[in-house]
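Hi,

Here is the structure I promised to pass on. Have a look at it first, and my notes on what turned up are underneath.

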Amino acid sequence: MARRTARARQQPASTAHVLLTILQNDPESQRVLSAHHVREQDLVSALKVADDEPGSALEVAIERAAALAARTHAAHVRPLHLLLAMLREPRSMAYRCLEHTGANTARVRESVEDALVATIAPIAPIAPSEPSRPARRVEAPRAEIVRADATSRADEDVRPARPRPAPIVPPVPRTRASVAPPSSSTARPANRRVGPRATTPPEAPRAIANEPAANTSPHELDRERFPILSAIGRNLTALAASGAIDPVFGREKEIDALLDVLGRRRANNPLLIGPPGVGKTAIVEGLALAMARPGAPLPGLEGKVLIEISAGSLVSGTGVRGALADKLRKLREEVAKSEGRVLLFLDEIHAIAGGEGPDDLASELKSALARGELPCIGATTDAEHKKHLERDPALARRFTRIDVDAPDPEAAIRILRDLAPRYEIHHAVAYDPAAIRAAVELSVRFLPERHLPDKALGALDLAAARVRRAGGSIVDVEAVAKVIADEAHVPLERLLVRDADRLLALESHLASRVVGQRGPLARVADALRKGAAGFRGRRPLGTFLLLGPTGVGKTETAKAIAELMFGSGGMSRFDMSEYGEPHSVARLFGAPPGYVGHDEGGQLTESVRRRPYQLVLLDEIEKAHPDVLLALLPLLDEGRLTDGRGRTFDFTNTVIVMTSNLGASESASSAPRAIGFGGGEARTTSSAADRAMGAARRAMPPELWNRIDEPLFFAPLGQDDVAEIAHRMLRGVIDVMRNEHAIELVIDESAIAALVAGGGFDPALGARPMRRTVGRLVEAPLASLVLSGGVRRGDRIVARGAGGLVRFDRVEPEDVAAE
């Protein structure tokens with residue numbers, strides 16, 4: 001049946017398929033597994049992500065099950081025998097699938113042993129005719145099963161066997177403690193009750209009563225003896241033993257480093273240092289899982305419990321002077337009272353040891369660590385370590401530093417695949433394998449200020465919550481992309497559409513927004529495609545200097561690039577005329593220490609921190625102070641800037657556009673006015689571009705000029721260009737009349753000519769006069785007609801030119817169609 005199940009799923013048969021078949025068909029196994037909340041759908045989900053097992057794992061499990069059945073004198077091999085055999089092999093897919101479902105494999109194994117114990121024949125009673133014969137030593141049924149299972153695995157390296165149960169006394173289900181050996185009176189036959197049900201000696205109830213309750217963990221602390229630890233601490237070992245902590249994957253190296261430091265004779269306090277979100281707390285939780293695992297080979301940590309103490313819980317309730325130091329003293333006394341059983345985990349240790357004032361804990365903590373009275377593991381970030389701990393060498397040397405780096409994307413994908421079943425169970429959804437990879441790749445690209453695996457795991461978690469709330473069952477790539485798009489403030493289409501498709505259509509998109517500048521727009525598109533293809537190193541996606549007179553489309557080009565690349569709101573604009581003083585550089589990058597505004601950050605750096613994917617427009621760059629221009633060199637050259645607080649910001653996902661009117665007077669004075677063939681116009685435009693480029697190069701520092709990808713000249717607009725701009729402006733007016741007032745507006749070509757002749761065209765000012773002319777000759781008269789009732793909802797009007805004015809006539813629909 002297991003092979004049939006595997007073939008149906010197009011997978012090779014494994015122990016996991018045997019486990020699934022047992023769960024589906026064997027009632028005894030169903031009861032055992034259901035008691036540990038193992039469900040069929042959880043196993044099916046785990047099958048999708050479990051790693052392969054050794055090729056002989058299934059055959060070995062069958063052989064062990066047969067050996068176990070034979071040694072316990074079972075009539076035949078039962079599914080419970082096979083289940084126990086698979087639970088003894090951590091490398092099997094069945095074992096790993098059970099772990100993926102969240103079950104505590106050690107406790108499942110005990111339950112299977114208990115179920116097998118219940119099927120072994122009871123101990124034969126002693127006949128009353130034999131009063132003088134000593135009691136025969138009969139092993140408990142559980143001992144037989146444990147011994148038989150150990151014998152069947154004698155050729156392998158296994159964990160230490162449990163203590164052998166005392167003779168005669170039957171085992172108590174779901175407990176690992178041994179029973180005290182019976183007194184000599186146990187051997188007297190007179191102490192046994194005669195009869196077919198007399199199978200339990202009188203010592204058994206007393207031994208059972210002396211055992212801990214079934215729900216008592218050996219990792220729990222006595223609340224009466226350890227009130228402070230119990231009140232403010234979080235017992236990670238007890239939580240791990242109860243299955244309340246998720247398994248930890250991909251951090252074996254860091255956990256081994258923790259164990260090495262903890263095993264040292266001196267300086268045996270590890271300090272985990274790494275950025276937020278890389279998994280420092282998860283590493284400590286992985287240590288707790290190892291400590292809670294029965295028979296784990298952890299020399300020096302046997303019987304210890306790991307207690308997490310947060311800075312907030314330690315500081316709370318200590319408003320009175322001296323209360324914090326007194327609380328730490330009591331905590332130290334309780335740790336000493338445990339006689340080495342308690343190991344502390346101080347998360348955000350800089351908040352505990354870096355305070356100032358009368359309740360400064362650094363000296364208390366330092367003395368306790370020096371005397372070995374406070375064994376602990378610390379965790380902090382590199383910045384906080386430098387700020388709070390490195391400045392106190394005596395405190396810093398009490399710790400041994402362990403650097404925790406973010407995993408690479410492929411390692412993060414493996415971690416997420418291992419953790420995904422837990423989240424599938426919690427949300428009652430399934431993850432598309434492509435969604436897991438997309439969570440890592442998109443978060444790396446669009447959330448660079450955060451770290452793996454936390455940012456990818458958070459995206460998967462939130463996507464599953466949204467899918468479940470919407471009634472869905474599958475978390476796909478689009479669901480994950482929506483989450484990351486919201487966090488990165490990037491349109492969803494930007495994440496789902498391939499960059500190649502978007503960039504190939506860049507010229508047509510720019511041409512639909514900017515009139516009369518096809519040459520410069522083509523060079524902008526080429527530079528952006530080059531940057532997107534990777535031919536830019538660590539620089540921004542593109543760096544452009546747009547030159548030319550006012551009103552020719554420089555700012556509109558920047559807006560069009562931002563809209564296509566980053567969506568609405570994807571542009572930050574800085575008027576560089578506001579940075580004409582040397583000290584104004586602090587406004588862009590943040591004030592240095594000791595100055596007002598140091599904690600606020602810089603306008604430019606904070607904008608990119610909040611939204612790493614955007615276009616940065618530096619308008620009128622020639623009006624900024626030279627010191628400000630030189631401060632931009634790291635941005636243009638290396639794609640990064642450092643603010644006044646020492647934080648480095650990534651600009652490699654930005655587009656930098658600088659605009660300038662340098663040379664505008666020369667280009668405006670040489671605007672084409674001749675009639676005839678166009679050769680003279682081309683020569684005039686070329687000379688104007690050369691003069692503007694020369695003026696810009698003389699005004700800018702050479703270091704800045706050499707770091708610009710494309711300095712471009714936008715030529716003055718001709719009359720036809722301005723007429724086309726008028727058409728586009730009037731389309732907006734038509735939309736407003738239709739959508740706001742239900743009035744159809746038709747524009748006659750004579751109206752365009754009237755707008756151009758009525759002051760809409762000026763070679764020196766570009767398209768800006770047309771904006772004013774449309775407002776004066778079209779929008780203002782229409783507003784008067786609407787407010788006065790001259791036109792009503794449902795009317796149709798035609799705009800016609802009349803000299804230098806525009807006239808509006810109400811017409812019937814057939815008249816409009818005829819025109």
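Let's start in the loop between helix H22 (433–446) and helix H23 (454–469), which is where Pro 453 is found. The peptide bond leading into Pro 453 from Leu 452 is cis, with omega near 0°. Bear in mind that this is a predicted model, so please read everything below as computed from that prediction.

Two other spots have backbone angles to look at. Ala 428 has a positive phi of about 60°, although it is not a glycine. You'll find Ala 428 in the loop between helix H21 (409–427) and strand E7 (430–431). With a relative accessible area of 56%, Ala 428 is exposed, since the cut-off for that class is over 50%. Glu 620 also isn't a glycine, and its phi is positive too, at about 55°. Its place is in the loop between strand E11 (614–619) and helix H32 (626–631). As background for these spots, most residues other than glycine have a negative phi, and most peptide bonds are trans.

Next, the pocket. The second largest pocket has a volume of about 1,000 Å³. Of the 31 residues lining the second largest pocket, Pro 276, Glu 449, His 451, Arg 647 and Thr 648 are the closest to its centre. Helix H19 (382–389), helix H31 (603–610) and strand E13 (648–650) each supply at least two residues of that lining. If you're thinking about chemistry, the lining breaks down by class into 14 charged, 10 nonpolar and 7 polar residues.

On to the packing. The largest nonpolar core has 91 residues, and those touching the most other members are Val 475, Val 480, Leu 615, Val 655, Leu 745, Val 778 and Val 806. Helix H37 (residues 719–741) provides the largest share of this core, with 9 residues. Apart from it lies another core, of 37 residues, with Ile 656, Ala 692, Met 693 and Ala 695 among them.

What does Val 655 touch, leaving aside its neighbours within four places in sequence? Its contacts are Leu 528, Leu 541, Gly 542, Phe 544, Ile 561, Phe 566, Gln 614, Leu 615 and Val 616.

Then there is helix H14 (residues 280–292). At 1.5 Å a residue, its 13 residues should span 18 Å, and its end C-alpha atoms are 19 Å apart, which agrees. Is H14 enclosed or open? Of its 13 residues, 11 are buried, so H14 is largely enclosed by the rest of the structure. Among those buried residues are Lys 280 and Glu 285, along with Ile 283, Val 284 and Leu 287. Ala 282 lies in H14 as well, but it counts as partly exposed because its relative accessibility is 29%. Ala 282 and Ile 245 are 37 residues apart in sequence, and their C-alpha atoms are 9.3 Å apart in space.

Last one: His 81, in helix H6 (residues 79–87). His 81 is buried, with a relative accessible area of 3%. Not counting residues up to four places away in sequence, His 81 touches Ala 65, Leu 68, Ala 69, Thr 72, Ala 74, His 76 and Leu 116.

That's the lot from me.

Cheers

Notes:
Residues numbered from 1 in each chain as written. Predicted model: local features only at pLDDT ≥ 70, side-chain atom pairs only at ≥ 80, totals over all residues. Heavy atoms only, no water. Helix = DSSP H or I, 4+ residues; strand = E, 2+ residues; numbered from the N terminus. Expected span 1.5 Å × (residues − 1). Buried < 20%, exposed > 50% of the residue type's maximum accessible area, 1.4 Å probe, protein only. Contact = heavy atoms within 4.5 Å. Core = buried A, V, L, I, M, F, W, Y, C linked by side-chain atoms within 4.5 Å. 1 Å grid on protein atoms, 1.4 Å probe; cavity = no way out; pocket = protein on both sides within 12 Å on 5 of 7 lines; lining within 4 Å. Points joined across faces, edges and corners; volume = space filled by probe spheres on them. Nonpolar A, V, L, I, M, F, W, Y, C, P; charged D, E, K, R; others polar.
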